[in-house]
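Work through the following exercises with the sequence and the model side by side, trying each task before reading its solution.

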Amino acid sequence: MFDFVNRKKRIVQFVLLLAVLPFMFWGVQSYRSESGEGYVAVVDGEEIQRREFEQALRDHQARLRAMFGGNFDNVMLDSYELRDSVLERLIQQRLLFREAVNNGFTVLDSQLVNEISQIPEFQLDNKFSKKQYEAFLRNEGLNPVAFESRVRQELLLQQLLDGYSENTFISDTAVSKVMYLSEVQREISQAQIMPEDFLSQIEPAESDIKDYYDARQSEFFLPERVRVEYLVLSLESLAENEPVSGDAIQNYYDEHQAEFGQPEERKASHILLAVASTAPDDEKQAVRGKAEGILEQVLQRPEQFSEFAENFSDDPGSASRGGDLGFFGRGVMVKAFEDEIFQMQPDEIRGLVETDFGFHIIQLDEIKKAKIADLNEVREQIERKLKMQMVSSVFGEASEDFSNTVYEQSDSLQPAAEKFELTIQQSDWVDKNSTEPAILANEKLLSAIFSDDVLFDKRNTEAIEVMPDTLVSARVLEHREATAQSLSIVRDEIVGRLKKQKAADMAIEEGQAKLESLLAGEDVAIDWGESKQVSYMQPQGLSQEVIRTIFQADVDMLPTYTGGKNPQGGYSLIRITDVIEPEMTDKEKRMNFSHQLQQMITQEEMSSYLGGIRQRYDVTIKRDSY
């Protein structure tokens with residue numbers, strides 16, 4: 001919960017994230033001055049240049065490396081998912097900026113000056129320093145015009161979205177009802193009536209089998225299929241044949257030992273007395289006073305830390321576990337909290353530590369020391385990395401040569417296989433929608449495989465990039481047209497479908513009949529499972545649909561019964577034996593809940609607003625350009 005809350009701070013931070021990303025190195029003027037470099041998307045007539053996208057991508061990759069360090073998988077750095085997310089942020093920033101301009105928002109020069117003058121990096125003796133300002137920009141490779149343009153646009157977007165972040169309102173009645181629904185519990189036990197219990201009783205008639213086949217013949221068509229042979233040229237395939245000496249491996253290990261170590265981790269527990277960072281001073285002081293009182297008790301009885309956490313902590317994610325936050329390394333928790341933890345000794349208790357979430361009392365439970373892997377453990381990893389480095393600089397040239405070879409000698413893949421020392425692979429039958437093998441499950445490649453010159457003229461496909469730094473060329477070995485399967489071939493499949501369908505119907509019918517009998521007060525022999533307490537916040541593995549069914553049941557007289565279809569196709573009978581009312585008298589807890597609810601509503605409104613903007617403007621993404 002602690003980490004979860006950290007990701008859901010003030011909405012304005014989300015706004016600034018959208019704003020900062022594309023402006024980190026390129027100001028507004030750079031958008032309009034670039035030409036002839038190609039673009040990756042067009043937002044309401046304005047192009048997002050490839051150069052801007054690539055810079056934003058590099059910035060994001062750098063942040064990921066800094067965040068995860070040696071534990072980060074470099075394969076993720078250039079995935080399509082990551083590229084899509086970066087481009088989507090650029091598009092959102094453009095849309096928000098266009099919306100702000102169209103709605104007449106503006107930033108006065110005096111506002112800009114005031115904002116820049118308060119940035120901590122530009123302070124000297126608690127005053128704005130022009131020298132400090134210019135030196136910082138120079139070190140970051142920025143110029144004042146681009147930087148000031150970036151800040152101006154951040155302020156512009158902040159104005160646009162302040163209406164969502166500052167003015168969300170929720171009534172006391174709504175808070176009370178939502179808080180009650182989130183905490184009230186019902187004690188239940190279940191009995192499952194499953195379709196499998198009825199399968200042995202069912203034998204479909206031949207007429208039913210034929211009727212099913214006649215009505216759904218299209219479901220039993222075998223689509224047009226091919227078997228292909230193919231070549232894969234990738235960084236990995238080229239790297240396999242590169243020799244690496246033992247000395248090179250040893251030198252890399254000696255110079256990069258931090259990559260092969262397990263960083264120090266610490267296991268801690270905390271008691272959080274929550275108060276918003278934006279709360280009035282008198283409210284903060286009241287919470288601080290309460291936290292200091294609890295700290296005194298904890299220091300007198302440190303062995304009862306977990307009990308204090310369960311009784312007093314406002315972090316529901318850890319309070320139920322005695323405040324336990326588990327093991328974590330640096331860079332996971334907020335800085336003030338982390339700095340304190342990594343100075344402590346096991347079993348030491350400190351407080352109060354103030355963060356944006358409130359006041360913490362923390363206990364260090366255990367230290368897991370950093371350790372360095374032995375060379376033999378990481379030899380293969382280092383060898384692979386060195387090989388990848390050796391071929392990465394020539395991969396572009398090799399890709400072009402590979403493409404030319406499969407095109408110019410299009411009657412066989414053998415010349416390309418011999419030239420690049422690759423193995424020709426063969427597939428099983430694949431169709432236009434195949435997902436296996438994954439290397440062939442590329443829309444552009446499958447389209448090429450089923451083109452006339454490849455199917456009928458027996459030519460190689462062009463070399464197609466199916467993922468970053470991975471090219472594939474394929475050649476058809478066998479081709480089969482789409483065909484209908486006869487009833488005799490698919491009979492067993494149809495029988496299985498009919499039996500499952502009828503068994504599910506019988507399970508539901510029996511479940512509904514038993515429920516009616518239970519509600520009528522009749523004695524029904526049912527093997528109820530163990531009882532458990534469930535709520536909307538703690539569903540205990542039940543689906544939301546089942547939880548809603550439980551809480552819609554009339555509980556004026558207990559025990560009572562309800563039920564419904566289960567996800568496995570059968571029926572769930574549910575017995576409700578008790579209602580556990582929540583404590584609603586804690587004003588501080590109520591205030592925190594209200595604040596969290598407001599944040600959730602704000603985020604929902606923000607998401608809806610962004611979705612609405614996307615609908616109003618014309619956005620075109622050039623998928624093959626990034």
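**Exercise 1. Find the residue at which helix α22 bends, and compare the span of the helix with its expected length.**

Start with the bend, which is the angle between axes fitted to the seven residues ending at a residue and the seven starting there. In this predicted model, α22 bends by about 30° at E493. Helices (H or I, at least four residues) and strands (E, at least two) are DSSP runs, numbered from the N terminus.

Next, take the length: the expected span of a helix is 1.5 Å times one less than its number of residues. Because α22 has 33 residues (487-519), it should span 48 Å, and this agrees with the 46 Å between its end C-alpha atoms. Finally, look just past the helix, where G521 takes a positive phi of about 85°.

The model is predicted, so its local features need pLDDT of at least 70 and side-chain atom pairs count only at pLDDT 80 or more, while totals for chains, interfaces and linings use all residues. Residues are numbered from 1 along each chain as its sequence is written, and side-chain values use heavy atoms, with hydrogens and water left out.

**Exercise 2. Decide where the model deserves caution, using pLDDT.**

Begin with the term itself: pLDDT is the predictor's confidence in each residue, from 0 to 100. Over the chain its mean is 84, and 91% of the residues reach 70 or more. Then look at the extremes: confidence is lowest in helix α3 (residues 28-33), at a mean of 32, and highest in strand β14 (residues 425-426), at 96.

Now turn to residues 1-36, over which pLDDT stays under 50. The model has 80 contacts (heavy atoms within 4.5 Å) for this stretch beyond four places in sequence. Where pLDDT is low, the predicted coordinates should not be read in detail.

**Exercise 3. Describe the overall build of the chain, and work out whether it is spread out or compact.**

First, note that the chain contains 24 helices and 21 strands. The radius of gyration is taken over C-alpha atoms, and the globule rule is 2.2 Å times the number of residues to the power 0.38. For 626 residues the rule gives 25 Å, but the chain has 32 Å, well over that value, so it is more spread out than a compact globule. Its C-alpha atoms fill a box of roughly 85 × 85 × 60 Å along the principal axes.

**Exercise 4. Locate the cis peptide bonds at P437 and P559, and examine the positive phi angles of D125 and N126.**

Most residues other than glycine have a negative phi, and most peptide bonds are trans. One cis bond joins E436 and P437, with omega about -5°, and P437 sits in the loop between β14 and α20 (443-449). Another joins L558 and P559, with omega about 0°, and P559 is in the loop between α23 (544-552) and β19 (560-565).

Then consider D125, whose phi is about 55°, and N126, whose phi is about 65°; neither residue is a glycine. D125 belongs to the loop between β3 (123-124) and β4 (127-128), and N126 lies in the loop between β3 and β4 too.

As a last step, check exposure, where buried means under 20% relative accessible area, exposed over 50%, and partly exposed in between (1.4 Å probe, protein chains only). D125 is exposed at 70%, and N126 is exposed at 75%.
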